[in-house]
Each structure stands twice: as C-alpha cells, then as structure tokens.
Amino acid sequence: MDIQEIKLEELDADGFIEEQIKETASAAGEGLAVNALSGGVDSSVVTILGHKALGERLKTYFIENGLMREGEGQYIAELFAGLGVPVEIIDAKDEFFAALAGLTDPEEKREAITQTFYKDVFGRLVKDSGAESLLQGTNYTDVEETLAGVKRQHNILEQLGIDTQKAFGYKVVEPIIRLRKSGVRKVGKALGLPEELYARPPFPGPALAARVIGEVTPERVALVRKATSIVEEELADTGAFQYLAILHEDKVTGVRDGKRDYGQQIEVRCWDSTDAVIGSPTDLPFATLTKLAARITSEVPGVVSVTYNITSKPPSTIEVV
Ligand code: XMP
C-alpha cells in the first residue's frame, strides 16, 4: 500500500503533533469539520489534534449507536468537557438496530454499521452543520487488515476505492493513518490526554456488535454489555492488551435448581499483544477464570456457560466476528 508506516522507534511525538496540526488544518481548508468521538484511543487523539488544528471550526459528536459500553457517552462527554472540548451526544440507537435487524453475516453487519454511520448519521450531521470534512482516527493496522482481506474494518473507505465526497457528501481526513496503536498512545500522552484515555484497551469501531455472534438485537447487546463490564472489572489489573466478552449464537443445556436451563454461552478472551497484529492468550490464574465464570453466570441473566479462548492470533482474531 502507498501509506508509509511510522514505526514506534522512529516516532517523534511532538514533531508528529506539530506536523499533523498543520496538515489537518490545510486538509480541512477554510470550512467547518466534524468528528465522532467514541472514547477509544484513536478517536480521542484525533479529537484533540483536530481541536488544536481547527478550534471552533471542529464540531465533535459522540454517536450513541446502542452498541457502546454502559454509561460511555456521559463519561466521555464529561471527560472531554474537562479538557475544554464540547461533545454533543447524538441518539441514533434506533437507526443502528433497524439496520442490523435480521443480519447474521459478520461482513454484512459491518457494512450495515458503516452505511448507517457514514451515510445516514454523518450525512445528516454534515448537511445540517454545513461541514465539508470528517476527521477520523483510522490507523495503519485498520488499513493493513482490510486490504489483506482479514476483516473490513468499518472505517476503511478511500483505501477501498470509495469516493466519500460522492458517496456521503464530505471529505475524510485521517491524521493518524501512519501510526499503529502503540504510536497513537505515545502521541496521546504527548498531547496531554489523561492516562485513563491514552492507555485504554482498544475497543472496536462496530463496538459490541463485533462481540455478538449472529443477530445484533438490543436484548443480545444488553447481555454482552453486562458480561463486558464484569470482564473489564475483573481483568483491569492484568495489564493485558485487550479483554472482552463474546455472546455465542448456540444455546447449551445447563442446570439450575435441579432443573434444565437451556441458556446462553459467553466466551471470554484476554490478549497479550502490542499492536493487535499478532496476539496470544494471557496466562490468567485459574482462580481468576473461575471467578469470572461464577460472576457471569450469576449476574448475567440466562447465561449457563463461560469459556476462555486459548487460541493465538493467527489463526484466531482478537474480536469474534
Ligand atoms: P481483529 O479482530 O481483526 O482486531 O484481530 C484487531 C484490532 O482491531 C479492533 N477491531 C476493529 N476496530 N473496526 C475497528 O475500528 C472494526 O471493524 C474492528 N474489528 C476489530 C479489535 O478490537 C482489535 O483491537
């Protein structure tokens, strides 16, 4: 591909910030720009870079797509308000669930999220605000995995030949496209982001939809959201790269109070990795695993089985769909 990676060892974070402020300002021109802040490391870094480059000409939104963690919108909006960046929360839950209804194929789910996000929600926000460009936090690994055909990361557009001006009515600006996650964290730190943001475990753009096998419904997302918060609470101190809960499609037979309980299965994954390109399962203590199983089966209604993924990437991938 013709995008040149900046490796972590070569990255001068302050120089990069200065250069990207100039480049973003020139790419966005004189007009208004918008960006979506999900609270992940990539979009947080782009939000701060964008505000340094464009000031009040950049409008930042948090899209509540119904697929985020518990209380995420409020938490992020308050945190960024404290950094001097106003964030508007847009409620688009119904639109996303309507687009996902009936879909079970992973790539079709990603495509539905892409279309709802870029065409419907941002198409409208751009039109209403008169913005000309969208700033987003695509990174080098996103592009590489999509072009290699591993997964079509939801934010890859131009590299797949999509003319965003024609398709959605705006231009896309991607200030961190030459960095991998470790480089993005270094830039986040240099930008003065709090550690709770720049050191946050990665979270996928399609959010909890990437962690539901089969149809993504509000009920199934609620279930995986609850399991996610338990996994995040229990594994926060492991220092692992990423940890997550997955809802399986097949039900299994369990037993509760001496009676058959045909219920749901949750798979826990916990990864050692530096940039998500390769990864291996974290060697968690058995007591940690059994505590996870006990909490998930007692606190998440309907779950009767919890498993731990012991596969490396490759051949596994970090997320499940
Ligand atoms: P995989 O599952 O491909 O994930 O091993 C590699 C890294 O990317 C994240 N991920 C995504 N991020 N859109 C994103 O923005 C996506 O469609 C997507 N799928 C996976 C994943 O959480 C991991 O950090």
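This is a short tour of a strand with several partners, followed by a group of aromatic rings.

Before you start selecting, note that the model is predicted: local features need pLDDT of at least 70, side-chain atom pairs count only at pLDDT 80 or more, and totals for chains, interfaces and linings use all residues. Residues are numbered from 1 along each chain as its sequence is written, and side-chain values use heavy atoms, with hydrogens and water left out.

**Stop 1: strand β8**

Select residues 259–272, which make up β8. Strands here are DSSP runs of E with at least two residues, helices are runs of H or I with at least four, and both are numbered from the N terminus. Two strands pair if DSSP finds at least two bridges between them.

Now add residues 252–256, strand β7, which pairs with β8 in the antiparallel sense over five bridges. Look for Gly254: its bridge partner in β8 is Asp261. The two strands form a hairpin with two residues between them, and in the turn you will find Asp257, with a positive phi of about 50 degrees.

Next, show residues 242–247. This is β6, antiparallel to β8 over six bridges. Zoom in on Tyr243 to see Cys270 of β8 opposite.

Which way does β10 run against β8, parallel or antiparallel? Select residues 303–308 to find out: β10 and β8 pair in the parallel sense, over five bridges. Here Ile266 stands opposite Val306.

Finish this stop with β9, residues 280–281, which pairs with β8 in the antiparallel sense over two bridges. Asp272 faces Ser280 of β9 there.

While the side chains are on, remember that in a regular strand they alternate between the two faces of the sheet.

**Stop 2: the aromatic rings**

Rings of Phe, Tyr and Trp (its six-membered ring) pair if their centres lie within 6.5 Å; planes under 30 degrees apart count as stacked, over 60 as edge-to-face and the rest as tilted. The count comes to five aromatic pairs. Select Tyr61 and Phe122 for an edge-to-face example, 6.1 Å centre to centre with 75 degrees between the planes. Tyr61 lies in strand β2 (residues 58–64) and Phe122 in helix α5 (residues 106–129), so this pair ties together parts 61 residues apart in sequence.

Buried means under 20% relative accessible area, exposed over 50%, and partly exposed in between (1.4 Å probe, protein chains only). Tyr61 is buried at 4%, and Phe122 is buried at 0%.

Now add Phe117, Tyr118, Phe168 and Tyr170: ring pairs link these with Tyr61 and Phe122 into a cluster.
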